[in-house]
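Dear colleague,

I am handing over the structure that we spoke about, and below it you will find my notes on what came out of it. Please read them with the coordinates open beside you.

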Amino acid sequence: MVTVLADADLRLNANVVDYMLLAMYFLLVIGIGYMARRRVSTSLDFFLSGRSLPAWVTGLAFISANLGAIEVMGMSANGAEYGMPTAHYFWIGAVPAMLFLGIVMMPFYYGSKVRSVPEFMLRRFGKTAHLVNGISFATAQVLIAGANLFLLASVVNLLLGWPLWVSVVVAAMIVLSYTALGGLSAAIYNEVLQFVVIVAALLPLTIVGLYKVGGWQGLVDKVSAGPGGPEQLSSWPGNQLTGFENNFLSVLGLVFGLGFVLSFGYWTTNFVEVQRALAAKSMSAAQRTPIIGAFPKLLIPFIVIIPGMVAGVAVTELQGENKAALLAGDPAPSGATFNNALLLLMRDLLPNGMLGVAIAGLLASFMAGMAANLSSFNTVFTYDIWQTYLRRNRPDDYYLRVGRVVTVIATVLAIGTAFIASTYANLMDYLQQLFSFFNAPLFATFILGMFWRRMTPAAGWVGLVSGTATAVLVFVLTESGVWVLPGQGGAFVGAGAAFVVDIVVSVAVTAVTAPKPADQLVGLVWSLTPKESRQRSTTGEDAGWYRNPGLLAGIVLVITIVLNIIF
Amino acid sequence: MTTKRSRVAAFDIRLVIALLIGVYGVVLTVMGVAFTPDSEIDRSAGVNINLWAGLGMILVSVAFTLWAVLRPLRLPED
């Protein structure tokens, strides 16, 4: 941290009306925690909402769980830095994988009645792979929860002027109170509420921002004339984002690195996301969860990236020479960073009243991310580590208690990792590193395991470990400067390499080890699962063409292609 | 609200959303009509964003309320 903006420059000028709007939001957040608690009587209620929620609720929660601090602040920062290519994180980097999860993979997850993604690993590949997956997932969640917590606290810090550590602790306590009380239901219902508040905050900001720069055409003119140039206005080929000068390599990096390996790894195997679908009340609803989530996912870039781009040309501290310096990798003369984009824009444009809603939206998004991390962490820890290896065969209410205690412990750990997160300049870079370590090899193992019955338990864990090791190796090489890949290129290459190594190693190990007997793989592998157990019902609350996952997925796909052609 | 068949007290997230966004909408509209000084409106590029966002939120709140009333939660009957 060389130069930082003086706190006073970022202090939002909130008045009593803004605080009242904020207070009302927090009241409802805690209220939802209490109301959800009355429905928690078993551990399944606590960890998976008793598998009872409608698809639109789980679908919005699916998106909101990912729309945390890192996403909103990080993506508006990327918008200010790279412009429209940032939309790839939403379109090519999320939507195809979400559709794939709903159509292809959900029948196995939901149909096999596993309670978590690592539990699927246990049934398919046995204990070693299960432990590798369970422990790495739990570790990643605590780290990411810390990053979310840090951003949440830094906004509270800016707003109220409290010392950072006080903000961290208070913010953590609020999230803890409702997740420990109401479990996944409280987290999911709050995620739905948070989604609405985030949109209520960002949509007006986007509209005012566009007015400020003279509409879309004004934004186009100003961004083209500024540092970064006109290529920031079209999503392809995105050279600045990937760091590849060559157009072909850049497109390849986006399609294979981001679109295939990183995004499929994240969206299809990350329990934070899959858990929301497992809470759905039927197979059809579970399949529709990620597909319904894909509709808002297509549109979120417009209310996250455009404010970032506006900030890059309209906010004094970020425009002109400041943006040029930041793009060159130097500190800006003003001391601002791209991560400040959204806050600076709110400070410049929003009057009291709307300002309160915007602050509520930001805090909502930060809490959504952290609560999602906590609620998935406590499930994996309790079911996959505690119940499977440490304390078996206890009564159900014992595990319910463990879940609540683990939530408290995880919060304390997240407070610790919040301080790790504070040392990284671009939070998205940090997050991408974590993803490539854990997620890319995971997808390779899952997809092989679901469709290739011969794949052996040993291949499962050896493939995972060598894939993860490859990602770490690429990370070390790029960080130490041995292999120079600017922008997000390092993460893409790391993920791609991890994926390929995982596949190669898995195939090689399978050739020399013994597979699981076929009768233990029913419901877990495509060719051994009877067709009727993969099927969803089409009657009652699952009836109607508008509840057909395949058709919905087709509509999403068409919209995605159209958006990619326009931008 | 009918509670004859309910096993647990009905809790409908749609009504919570309608409540929050409805209150936000009313507060912002009042702010926009009476308490947003011209200097603030100039800062927001001449848009009275409190008023417009407030009206929009009232509409959203009404929509969620209608949805919750027209398609009430059905709890499992057993």
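In this predicted model, A:Arg115 lies over the face of A:Tyr383, at 3.7 Å from the ring centre. The side chain of A:Arg115 also meets that of A:Glu119 in a salt bridge, with 3.1 Å from N to O, so this arginine takes part both in a contact with a ring and in a pairing with an acid. As for their surroundings, A:Arg115 is partly exposed because its relative accessible area is 21%, whereas A:Glu119, with a relative accessible area of 11%, is buried. A second arginine is placed over a ring as well: the charged end of A:Arg394 sits over the ring of A:Tyr398, 4.9 Å from its centre.

Before going further, a word on confidence. Chain A averages a pLDDT of 82, and 92% of its residues score at least 70. Among the elements of chain A, the highest mean pLDDT, 91, belongs to helix H4 (residues 55-64) of chain A, and the lowest, 60, to helix H1 (residues 7-10) of chain A. Where pLDDT is low, the predicted coordinates should not be read in detail.

To return to the charged residues, side chains of opposite charge can pair when their charged atoms come close. The structure holds six salt bridges over all chains, and one of them joins A:Arg276 to A:Glu191, with the closest N and O atoms 2.8 Å apart. A:Arg276 belongs to helix H13 (residues 271-278) of chain A and A:Glu191 to helix H9 (residues 164-212) of chain A, so the bridge ties together parts that are 85 residues apart in sequence. Both A:Arg276 and A:Glu191 are buried. A further salt bridge is formed by the side chains of A:Asp348 and A:Arg347, at 2.9 Å from N to O, and A:Arg347 counts as buried because its relative accessibility is 18%, under the 20% cut-off.

The aromatic residues deserve a separate look. The count of aromatic pairs comes to 20 over all chains. In one pair, the ring centres of A:Phe46 and A:Phe47 are 5.1 Å apart and the planes stand at 80°, which is over the 60 degrees required, so the pair is edge-to-face. A:Phe46 and A:Phe47 are both buried. A:Tyr266 and A:Trp267 also form an edge-to-face pair, with 4.9 Å from centre to centre and 90° between the planes; here A:Tyr266 counts as buried at 8% relative accessibility, and A:Trp267 counts as buried at 3%. Elsewhere, ring pairs link A:Phe100, A:Phe264, A:Phe443 and A:Phe499 into a cluster.

Two aliphatic residues of chain A may help you to find your way through the helices. A:Ile415 lies in helix H18 (residues 396-421) of chain A and counts as buried at 18% relative accessibility. Leaving aside residues up to four places away in sequence, A:Ile415 touches A:Leu149, A:Val168, A:Val169 and A:Ala172. Of these, A:Ala172 is 243 residues away from A:Ile415 in sequence, yet the two are 7.4 Å apart in space, C-alpha to C-alpha. The other residue, A:Leu254, lies in helix H12 (residues 247-269) of chain A and counts as buried at 0% relative accessibility. A:Leu254 and A:Ser185 are 69 residues apart in sequence, and their C-alpha atoms are 36 Å apart in space.

Chain B comes next. Its secondary structure comes to three helices and zero strands, which gives the pattern α-α-α when read along the sequence. Of the 78 residues of chain B, 41% count as buried. Among the contacts in chain B between residues at least 6 apart in sequence, 71% join residues at least 24 apart.

Finally, there is the interface. In it, 29 residues of chain B are in contact with 34 residues of chain A, and the two chains bury about 2800 Å² between them, 77% of it on carbon and sulfur atoms. B:Phe11, B:Tyr24 and B:Arg43 supply 24% of the area that chain B buries against chain A, more than any other three residues. How many salt bridges are there between chain B and chain A? The count between these two chains is zero.

With best wishes

Definitions and conventions
Residues numbered from 1 in each chain as written. Chains lettered and ligands numbered in written order. Heavy atoms only, no water. pLDDT = per-residue confidence, 0-100. Helix = DSSP H or I, 4+ residues; strand = E, 2+ residues; numbered from the N terminus. Phe/Tyr/Trp six-rings, centres within 6.5 Å; stacked < 30°, edge-to-face > 60°. Buried < 20%, exposed > 50% of the residue type's maximum accessible area, 1.4 Å probe, protein only. Lys NZ or Arg CZ within 6 Å of the ring centre and 35° of its normal. Contact = heavy atoms within 4.5 Å. Buried area = accessible area lost by both parts, 1.4 Å probe. Salt bridge = Lys/Arg side-chain N within 4 Å of Asp/Glu carboxyl O.
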